[in-house]
Each structure stands twice: as C-alpha cells, then as structure tokens.
Amino acid sequence: MSNDIRIKNGLTINLKGAPENIIKKAPFPKSVSLNPSDFHLITPKMVVKVGDKIKSGETVFYSKSNSDIKFCSPVSGKIADIVRGAKRRILEIIIDCDKEQKSINHNFSKFKKFSRKEIIDSLLNSGCWPFIKQRPYDVIANPHKEPKSIFVSTLNTAPISADLEIILNEQKNEFKTGIGILNKLTEGDLNICVEKNHNSFINEIDNVKVHNINALHPSGNVGVQIHHIDPINSGEKVWVVGAEDVALIGKLFLTGKFSPTRTIAVSGPPVKYPQYYKTIIGSKLFGIIEDAGIDTNLNLRYINGDVLSGRIVDKDNYLGFYNNTLSILREGNNYKMFGWIPFINNKVPSIYKTSFSWLFPNKKYDLDTNLNGEERAFVVTGEMENVFPMDIFPMQLLKECMSGNIEKMENLGIYEVAPEDFALIDYSSSSKIEAQKIIREGLDLMISEVG
Amino acid sequence: MNIREILDTIKKPFGKGEKFEKFAPAVNAFDTFLYVPNHTTKHGSHIRDGVDLKRTMITVIIALLPALFYGIYNTGFQYYSQIGTDFTTIDAVIHGSLKVLPMIAVSYIVGLTIEFAFAIFRGHEVNEGYLVTGLLIPMIMPVDIPLWMVAVSVAFAVLIGKEAFGGTGMNILNPALTARAFAFFAYPTYMSGNKVWVSEASKVDGISGETILGMLASGETAVPYDISQMFYGGIPGSIAETSTLMVLVGALILIYTGVGSWRIMLGSVIGAALTGWLFNLWGANELMSFNWFNHLIVGGFAFGVVFMATDPVSAAQTTKGKWIYGLLVGLFCILIRVFNPAYPEGVMLAILLMNIFAPTIDHYVIEANINKRLNRKIKTNLKVA
C-alpha cells in the first residue's frame, strides 16, 4: 500500500559538487573514533582503558543513565586514546585498527522466531541500539518504552546530500531483513517514505506502509514525514531509523556480527571528485578527502552531515556515527564591500528577489560559510513559514523556546520538531536567527522538565 | 593600505577587552555599512541566504524613492502653481528639495543619534529599521511643519514608540505613524486645515489648499480635482502621500522582491473598497457618497497601506492574521473618514488601531492551531480507548 504526500513549502538550494553515482571502496582505516557528542545527552561510562585490545562489537562505553545502551567498537584494535575536555568530559575515543579484523560472533541464526524482547536485547548487546532514535527530542530511543510507530526515510532532500537509494541498492537484502526486525518492535505501523515516481524495490516489501513524497527539502526530514502521516501528541513516542542503519541492523542478524560499514557521499563545491565511499563508521577523514581530490591546504570547512544541519569536524578527525554525507565548503571569512546593496551581489541565491540570482533558477552556486549579514532581532515575518512544511507556527515556537515557556512550547508543537527541521529557517532568516540551536535548547529543556 | 586595513586599525581600540569596547556598536554600524562583515556561521546551517536586514530595509527605501521624488516635485508644483508665476520642473524640484531634504536630515540625525545611544547603552548592534522609519517620517508630514516639531516627533516615536518597548522588533506601534500621530495631536494647527498642505501657505496669503478629504469633511461638494489628478498626485497633501501611481510602483517593488506582504496590501484594498462601496449605497453625506474607488486614491490610504500597514513588526505575523489585519485596516480607514469629520484622514488612525489589535488577531489564529493539536490528542486517546 502506498500513499502520496505533497510538500509545498520548502526550498531547493542549488549547490555545486553534488555526488556522482560512483561508489568507491575506501581503504580500511588506520584508526577510527567514537565521538560521544554524536549521541545527544549520552554521558559515556567507559568500559575500556587506553591500551586495551578490543574486538569489533565489543562494548567501549555505555550510557551512564541507562546501562543497557551500549556503544561498541566498529573495528578490532587497540584503544589508542581517550580524549578528554574540560571537567574530564570524554570528547573522543580513538581506536587503532588491527591488520586482521576479529569480531564478536552472536548466534542469531533463528532470528526470524525472535520475540520483541529477544530482538531488543540482541540490538542492545550488539551495539546496534544507538541506530534507533526517538521523536520527540531526537535522542537515542529508550528500549523500555514502546513506540506508536516507526519511521524510515529513504530520501535525502538536503542540498548535495547522499542519495539513499544509491546506497540501499547495494544492500537490498540487508535492508529488507532490517525492516523485518523493526516491524517486530512496534504494534503500530512501520512507515517508509520513498521519493515519488521512483520505482524502488521498497514498494515490494510486505507489512509496511510505503508513502510517496515529493522531493522538496525538507520533505526528506523524517520529522516532516511524521507530522503528515502520524503526528506525535504529547506523551507519545515514535522511533526513527536511518535508511542505511536499517541495513546495518539487517546485516547484524544475517551475519551475527556488528560490522558497521558506512557509505559516505563526499560532496561540496571544493570537491574535485564528489562521489561515494564505502568505509567504516568513525573512519579517519584523511584518506577519503585526499582521494576525493580536496586541497587540504585551503581554508575549508568539513561537515559531518549535510550543509544545513551537519556538524563541523576538523580535517584530521573522524566521520560521525550517523551521517551519510561529508560536506565540504569554503570558509567565507572575507569582507564584501557594500555587499548589502540590493541587486549587486548576485553570487548568493536568496529567497527574496533582492539580487538577480533568481533569474537563473538552475544555476549551481559555490556558497561559502559567510553569514551574509549580522544577527538581528526578529523583524521580518512570514519567511519562516515559506520553508517550513508543518502546521506549526515556527516563529512563535522559537520565541517560546527562547523564553523557556514549557506549556506554550508543548501547545505549539515542540514534540513534533527536531533541530534539522529548522535548518532551512536558519538558512533563510534575514535576521540570521540560529533556529536549530534555539530548538535544540528548547528540546533539552523539555527533556529535563517533562522527560 | 587599503580601506579594509584602515578600518581594522580604527576599530582596534573598540575591540573586545579594549578601552572603548562599549562604543563598539557605533563603530560596527559604520563598518558593516561599508562591508558585509567576515562573520561565518557558527551554529546551525553552514550556508546562509544572501539576504539580511540591511538588504530588506534598503529595498524598502528603494521602493519609497519614487513617491519621495514625486513628493518633492509636487511640493514645488503646488507652490508655484498657486503663486501664479511661470516655473519649470527644475524650479519645482529645487523648491521641494529645499523644503523636504532638511526634514529628512533632521529626522535621520535625531533618530539615529537616539538609536546609536541606545545601542551603546544596551550593548547590541544598531538595527537597520530606523533607515526606513527615518525616511518615512518626513514623507508623511505636511511640508510646512517646523523642523523642531519634526525633531520632537522623531524623538517621541523612537523613545516612547520603540525603545521603551525594547527596541527594533519589539515595538507595538509603527514608529513612523507614532511620530505623525504625536505631531497630529500635539500641534494640530500645523497638521490640519487649509494652510498647511501647500508650501508657504501660512506665510503667503494668496496660497491655501485643503486636502480632498478635508474639503469633503467640511461639506464642500465640488472637489476641484479630477480622478487622474488624484491618481497621479498633483493635489495638496502630506509630502509623499499624494501620488497613488508612485506608491503603486513602490508596492510592485515590495511585492516583487518579496519584502512587503501582498496579503496585507490586498486585504486592505479589499476592505476599504467594500466599505466604501457600502457607504456609496447609503450616501448620507459627502464622504459617504464619495466614490469608493476615489477613496482608494486620495489621502494617505495607498501610502499607508503599502508602506506602514506592512511593517512586519507592528502588523499581524501569521498568514491568516495578515488577511484579517489588512481587511480591518481598510475597513476602519473608511469608517474613520466617514464618521469622524474631525479626522478626515483615517488611514493613520486605522493602522495604529490595528497595530494594537494585531497581537490579539495573532493570538486567536495561533489558539486555533493549538486547539487543533489538543483535539488531535483527544481523538487519538479515544481511538486507543
């Protein structure tokens, strides 16, 4: 069964450097990292020390607030370093990889007969649980709660981000197995959103609800899809799993091993060969960015994730846990003389027709990270609604988040949003409002006050 | 040394932790006027749209220019055609410029001084909003108003109308209209009658001129202007409000660039046209039987609706709210014109009134959304039970 959803409010930002349909196998990384900041609000409790030998799938740390949620090593090797910051907060765990990979073997041969509890235990013990995230709040799901439904989005609509269909076509069987596993976790629907008019193999999967959705960012955001299909009321939980993560869960049950491979799209205007690389979660960036033809001497910004909602990473550091896209942009720390005069600076696209850039709707832009202005108070109204396809008042919600009014936030729909849904508002705000940051802080306030 | 380096040297003592750090907003205002700063994105989206408040505000100013230029010309035109001497367009523009430019200068100097002072005092950057307000205020004043009254009105508008509420983005009333309303009630003899609308009328006996709405309010039946004069703007009135044509050019710029809300503009026109048409049917006095279409092109209606009612801060902020707000602005404008002969010009009071009601309109629009969400929850709970 499939349903159609049409998203009207959104924005297409044409950037140079979209990834080409080439999947390359990256050389096995020399080292990988686990970065606790990928797991929002998780305080790691370490199981291993520096120098310990570890197999892939062995626990590196678990969550201090819920010891069932374990975070496992993606490779076998030696704990090279545990980087700590202020107040001894753990910033990163670096693992040097062995030449010969050894992994923990689980016996999941009868997984098709597993009960819900057995599946949850298997996911928790194998290190696959962190792939399952929860809305509201956009955090790792609580295994003791039951979701009313599960959502998987198989389209990425953010500019120059990875095309998930290309990634999934490589691992159809694993994806189908993963969906079968997830289906046992909820009494409700398992919803998969696919791009409209794409005849993908997903339409053939049984026991799921497939929704066709038009590709207009942010229609690929799972939050937008939930809002239109099965909106979250206060007290309800919905679980969401990334498309490739479903395949990784499938692979775990098919092979009995935790081997978190990651297909990563390296994209962005400064990338010479924007394409896909098959590598391991948390791999060192260096080998990949070198191969993609990036001049690392330039002043560039490396982003784990897409250009709208990803996180800054140093070029000497590592891939994130969840992202399928590694975006690279030029840093825009340069001045533009009289850059604010309308109709002069046409190199930057705009939702307003105050430059001539709108005359070339198909032109691809080489945007940098310049703010193109300064932060100001909320002044212009109506622009947020144009890029926010939910029946929620975004500006009013942001203002309530800033003032920390919990009841109003709840009434205005805080449970239905995640920071990434506000990414286009960040982008298009003429007052340069940091909407994603405000929403994240609002969600964190809700977690601490309401839970 | 290029300009950028010179600026950086000048800015040095105003940097973080330096001696004059407190005055940084003032220096930054000039610096960011010359250069879009080198700030890069720190949180959230890594790329940003090319638009910023400077750009939107400058777009509004560009949209205001046709009306301003025509207003300057019309000031001279009204004067010379009344004293009866031969004159050229150049003469008219020169006469108008000598009258209008000092008012603009006073408005900017007084207003920006207060803005800068508050920015330094409060430690935030200088907002661009006053660039528009400062130009609007002289444009909606009668041409002969003394400069000190402009200064006092500006000071009142910025201090009480804006800064008292917390500065740009927080004000409830449109600051430019606040200035005009202040002058209107504080110095009524300079703001109405038949001796204020034409340049030098108060000094030269031979010159007088009443606005069309003023004539109608005092019961005159024969309006000595035809519809094309009303539309093109060769009539007495506040400096830049007279030409509907020039205001329309500005409206097109605002709508086309997306900076001004077409919903508010269209809503107001519909509201005013409908109300005017209903009064035409009634026709009890001169203003009631004044053709509904003429209502749209005389007085400050067009100017107010395009440039004042659309002020995003003081207008309704929700999409539905904008329609309601616009319709009511139009409705009240005609109501005040027709029923209140003491105030023949209704648009100023109509917009100020709706500024006050805009948050209430938004409140009910948002409340409807909240109720929808609550009902959804109740429905789901029922289903489960």
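**Note on a predicted two-chain model**

1. The secondary structure of chain B comes to 17 helices and 1 strand. With a radius of gyration of 23 Å, close to the 21 Å that the globule rule gives for 385 residues, chain B is as compact as a globular protein of that length. Readers should keep in mind from the outset that this is a predicted model.

2. Some overall figures for chain B help to place the details that follow. Its C-alpha trace spans about 75 × 65 × 35 Å along the principal axes, and 52% of the 385 residues of chain B count as buried. Among the contacts in chain B with a separation of 6 or more, 69% are made by residues 24 or more positions apart.

3. Helix 3 of chain B, which covers residues 53–83, has 31 residues, and the distance from its first C-alpha to its last is 45 Å, close to the 45 Å expected at 1.5 Å a residue. Within helix 3 of chain B there is nevertheless a kink of about 35° at B:L65, shortly before the proline B:P66. Just after this helix, B:G84 takes a positive phi of about 85°.

4. Is helix 3 of chain B largely enclosed by the rest of the structure, or not enclosed? A residue is counted as buried when 20 or more other C-beta atoms lie within 10 Å of its own, and 22 of the 31 residues of helix 3 of chain B are buried, so the helix is largely enclosed by the rest of the structure.

5. The contact between the two chains takes 50 residues from chain B and 64 residues from chain A. On the side of chain B that touches chain A, the elements giving two or more residues are helix 2 (24–34), strand 1 (35–36), helix 3, helix 11 (244–257) and helix 17 (347–384) of chain B. By class, that side of chain B has 15 nonpolar, 25 polar and 10 charged residues.

6. Strand pairing also crosses from one chain to the other, since strand 21 of chain A (residues 336–337) and strand 1 of chain B run antiparallel and are joined by 2 bridges. In this pairing, A:M337 stands opposite B:Y35 in strand 1 of chain B.

7. Within chain A, 4 strands form an open sheet in the order 3-9-8-5, with antiparallel pairing. Strand 3 (31–34) and strand 5 (53–54) of chain A stand at the edges, each with a single partner strand, so one side of each is left without a neighbour in the sheet. The pairing of strand 5 of chain A with strand 8 of chain A (residues 77–84) is antiparallel and involves 2 bridges, and A:I54 stands opposite A:G77 in strand 8 of chain A.

8. Strand 12 of chain A (residues 149–153) deserves separate inspection: 5 of its 5 residues are buried, so this strand is largely enclosed by the rest of the structure. A:S149, A:F151 and A:S153 point one way from strand 12 of chain A, whereas A:I150 and A:V152 point the other way, and all are buried.

9. Two pairings of strand 12 of chain A can be described in turn. With strand 15 of chain A (residues 238–242), strand 12 of chain A pairs in the parallel sense over 5 bridges, and the bridge partner of A:I150 in strand 15 of chain A is A:W239. With strand 13 of chain A (residues 190–195), strand 12 of chain A pairs in the parallel sense over 4 bridges, and A:S153 stands opposite A:C193 in strand 13 of chain A.

Key: Residues are numbered from 1 along each chain as its sequence is written. Chains are lettered from A and ligands numbered from 1 in the order in which they are written. This is a predicted model: local features need pLDDT of at least 70, side-chain atom pairs count only at pLDDT 80 or more; totals for chains, interfaces and linings use all residues. The expected span of a helix is 1.5 Å times one less than its number of residues. The bend at a residue is the angle between axes fitted to the seven residues ending there and the seven starting there. A residue is buried if 20 or more other C-beta atoms lie within 10 Å of its own, exposed if 12 or fewer, and partly exposed in between; C-beta atoms are placed from the backbone. The radius of gyration is taken over C-alpha atoms; the globule rule is 2.2 Å times the number of residues to the power 0.38. Two residues are in contact if their C-beta atoms, placed from the backbone, lie within 7 Å. Two strands pair if DSSP finds at least two bridges between them. Ala, Val, Leu, Ile, Met, Phe, Trp, Tyr, Cys and Pro count as nonpolar, Asp, Glu, Lys and Arg as charged, and the others, Gly among them, as polar.
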